[in-house]
Amino acid sequence: MRNTIKGVLTAIVTPFDTEGALNLSGLERQIARQLDAGNGVFCGGTNGEFFVLSEEEKIAVTRTCVETVAGRAPVVAHIGEISTRDTIRLGKHIASLGVDAVSVITPYFVPLKQAELVTHYMAIADALSVPVYLYNIPARTGNTIEPATARALAEHPNIIGIKDSAGSYESLTGFLNAVRDIDGFDVLNGPDSLIHQGFVDGCPACISGLANVAPAAINAIWARFNAGDIDGSRRAQESVTQLRTDLYNVAFSPAAVKKALQLMGEDVGESRYAVTFNEQQQQQIRRIVTTLVN
């Protein structure tokens with residue numbers, strides 16, 4: 001019987017040094033901040049910039065996360081590649097490191113039918129011993145996992161849930177309603193704006209990029225909900241929703257998240273993809289961070 005992952009998993013940033021190489025000691029520092037706030041770790045996701053990491057770097061990041069967390073919180077690693085074969089190869093490497101589960105985005109660039117997605121995920125789940133979460137993020141991949149497809153895949157004993165990052169309440173409730181009667185299949189909320197509502201509606205956990213910047217504030221949404229203080233959880237959500245809106249209006253995450261961390265004094269380096277911040281944008285982010293700290 002597997003243990004259900006509950007609470008907040010932070011979609012941890014991948015720190016780089018001044019030359020753009022992995023900064024694993026910086027990653028250890030970021031993990032420690034999350035553990036201190038009561039959060040688990042989701043590594044190699046969007047905020048971890050998986051799309052600009054080599055396979056060796058993805059493995060090194062995951063190894064650092066597992067070793068630093070040392071069983072004190074859940075660690076889930078993203079392994080989704082564009083091909084089934086590459087996803088399985090990476091997944092086997094990652095599984096050997098001792099993660100609690102892996103997540104797999106849909107293949108990207110090439111449009112796929114739902115039946116083709118089922119074939120892809122079934123092959124991955126068959127090949128891996130580690131539990132698998134589906135990962136729906138259609139704005140980035142161009143392929144949407146439909147609720148009926150998630151329900152069909154939930155029949156596989158090694159597919160234990162789905163992370164929904166479509167960004168809408170409609171999408172989240174679509175998955176929750178589709179699998180509500182299936183034991184052992186969880187819906188994890190991706191959008192920071194829906195954390196509280198996700199818990200209310202039955203999500204056991206959320207995966208939060210904003211928790212990099214505000215680990216305690218994001219955890220409070222879960223901690224209060226878990227303690228039965230539903231109104232307190234709602235207020236905790238309201239306190240971070242404007243932060244999210246303001247920060248992501250400046251630039252796409254994870255670049256904005258990383259810049260915020262830099263301005264907070266955290267050694268995370270720049271993002272690898274082509275995003276730069278002018279002085280006005282940096283002042284905007286500095287004001288947002290100052291509001292958060294105060």
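Is Phe 109 buried or exposed? In this predicted model, Phe 109 is exposed, with a relative accessible area of 74%, and the legends below return to this residue after an overview of the whole protein.

**Figure 1. Overview of the predicted model, which contains 12 helices and 8 strands.** The protein has 294 residues and a radius of gyration of 18 Å, which agrees with the value near 19 Å that a compact globule of this length would have. Along its principal axes the C-alpha trace spans about 50 × 45 × 35 Å, and buried residues make up 56% of the 294 residues. Of the contacts with a sequence separation of 6 or more, 73% are accounted for by residues 24 or more positions apart. The accessible surface comes to about 12,400 Å², and carbon and sulfur atoms contribute 50% of that area. There are 24 positive and 31 negative side chains, with the centres of the two sets lying 2 Å apart.

**Figure 2. Close-up of two loop residues with positive phi, Glu 49 and Phe 109.** Most residues other than glycine have a negative phi. Glu 49, although it is not a glycine, has a positive phi of about 55 degrees, and it is located in the loop that connects β2 (40-43) to α2 (55-69). With a relative accessible area of 0%, Glu 49 is buried. Phe 109, likewise not a glycine, has a positive phi of about 75 degrees and belongs to the loop between β4 (101-105) and α4 (114-127). Phe 109 is exposed, because its relative accessible area of 74% lies over the 50% cut-off.

**Figure 3. Close-up of the surroundings of Val 69, a residue of helix α2.** Val 69 is buried, with a relative accessible area of 1%. Leaving aside neighbours within four places in sequence, Val 69 is in contact with Ile 31, Leu 35, Val 41 and Val 75. For one of these partners, Leu 35, the separation from Val 69 is 34 residues in sequence, while the C-alpha to C-alpha distance is 7.6 Å.

**Figure 4. Close-up of the largest nonpolar core, centred for this view on Leu 134.** This core holds 47 residues, and the members that touch the most other members are Cys 65, Ile 94, Leu 134 and Phe 185. When residues up to four places away in sequence are not counted, Leu 134 touches Val 104, Tyr 121, Ile 145, Ala 150, Leu 153, Ile 159, Gly 161, Ile 162, Lys 163 and Phe 185. Another core lies apart from the largest one and consists of 30 residues, including Leu 210, Ala 214, Val 250 and Phe 277.

**Figure 5. Close-up of two loops that meet through Ser 165 and Pro 191.** Ser 165 is found in the loop between β6 (159-164) and α7 (169-179), whereas Pro 191 is placed in the loop between β7 (186-189) and α8 (195-201). Ser 165 counts as buried at 17% relative accessibility, and Pro 191 counts as buried at 9%. Not counting residues up to four places away in sequence, Ser 165 touches Tyr 135, Asn 136, Ile 137, Gly 190 and Pro 191. With that exclusion applied to Pro 191, its contacts are Asp 164, Ser 165 and Gly 167. Pro 191 and Asp 164 are 27 residues apart along the chain, and their C-alpha atoms are separated by 8.0 Å.

**Figure 6. Close-up of helix α11 (residues 255-263) and the loop that contains Gly 269.** Of the 9 residues of α11, 7 are buried, so this helix is largely enclosed by the rest of the structure. The buried residues are Ala 255, Ala 256, Val 257, Lys 258, Lys 259, Ala 260 and Leu 261, a set that includes two lysines, Lys 258 and Lys 259. Just after the helix, Gly 265 takes a positive phi of about 95 degrees. Gly 269 lies in the loop between α11 and α12 (279-293) and counts as buried at 14% relative accessibility. Beyond its neighbours within four places in sequence, Gly 269 is in contact with Phe 16, Lys 258 and Gln 262. The C-alpha atoms of Gly 269 and Gly 26 are separated by 9.1 Å, although these two residues are 243 residues apart along the chain.

Terms used. Residues are numbered from 1 along each chain as its sequence is written. This is a predicted model: local features need pLDDT of at least 70, side-chain atom pairs count only at pLDDT 80 or more; totals for chains, interfaces and linings use all residues. Side-chain values use heavy atoms; hydrogens and water are left out. Helices (H or I, at least four residues) and strands (E, at least two) are DSSP runs, numbered from the N terminus. The radius of gyration is taken over C-alpha atoms; the globule rule is 2.2 Å times the number of residues to the power 0.38. Buried means under 20% relative accessible area, exposed over 50%, partly exposed in between (1.4 Å probe, protein chains only). Contact means heavy atoms within 4.5 Å. Accessible areas come from the Shrake-Rupley method with a 1.4 Å probe; for residues, only the protein chains shown count as cover. Lys and Arg count as positive and Asp and Glu as negative; His and the chain ends are not counted. The place of a charge is taken as NZ of Lys, CZ of Arg, CG of Asp or CD of Glu. A nonpolar core is a set of buried Ala, Val, Leu, Ile, Met, Phe, Trp, Tyr and Cys residues joined through side-chain atoms within 4.5 Å.
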